[in-house]
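Please look through the model shown here, with attention to its metal site and its pockets.

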Amino acid sequence: MAKKIPMACSECHRILEDDLEQCNAHPEAHCTSDWQGYVVILDPSRSEIATKLGIERAGNYALKVNVR
Ligand SMILES: [Zn+2]
């Protein structure tokens, strides 16, 4: 069976867990399954990508979230 693509928040790039369709931190943000580049941030303070994306919390993120 094909696994459903999780949604990602266009505001913080966080990949939403399970069947969530809205980011907890950004209730107004656009969330979409149209994203690219899965990245796991373990320690945001020591991660170049996290700094670049403005990520402050550990978690799973999308490098690019496509918003129309
Ligand atoms: Zn968010």
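The paragraphs below treat the metal site and then the pockets.

This is a predicted model, in which local features need pLDDT of at least 70 and side-chain atom pairs count only at pLDDT 80 or more, while totals for chains, interfaces and linings use all residues. Residues are numbered from 1 along each chain as its sequence is written, and side-chain values use heavy atoms, with hydrogens and water left out.

Cys9 (SG), Cys12 (SG), Cys23 (SG) and His26 (ND1) coordinate the zinc ion at 2.0 to 2.4 Å; donors are N, O and S atoms within 2.8 Å of the metal (3.2 Å for Na, K and Ca), and sites may look incomplete because water is not among the atoms. Along the chain the donors have the spacing C-x2-C-x10-C-x2-H. Cysteine 9 lies in strand β1 (residues 8–9) and histidine 26 in the loop between β1 and β2 (31–32), so this pair ties together parts 17 residues apart in sequence. Strands are DSSP runs (E, at least two residues), numbered from the N terminus.

Cysteine 9 is buried, at 0% relative accessible area, whereas histidine 26 is partly exposed, at 23%. Buried means under 20% relative accessible area, exposed over 50%, and partly exposed in between (1.4 Å probe, protein chains only).

His26 also helps line the second largest pocket, as does Cys12. Pockets are open sets of points on a 1 Å grid over the protein atoms alone, where a 1.4 Å probe fits, with protein on both sides within 12 Å along at least five of seven lines; lining residues have an atom within 4 Å of a point.

Note on methods
Helices (H or I, at least four residues) and strands (E, at least two) are DSSP runs, numbered from the N terminus.
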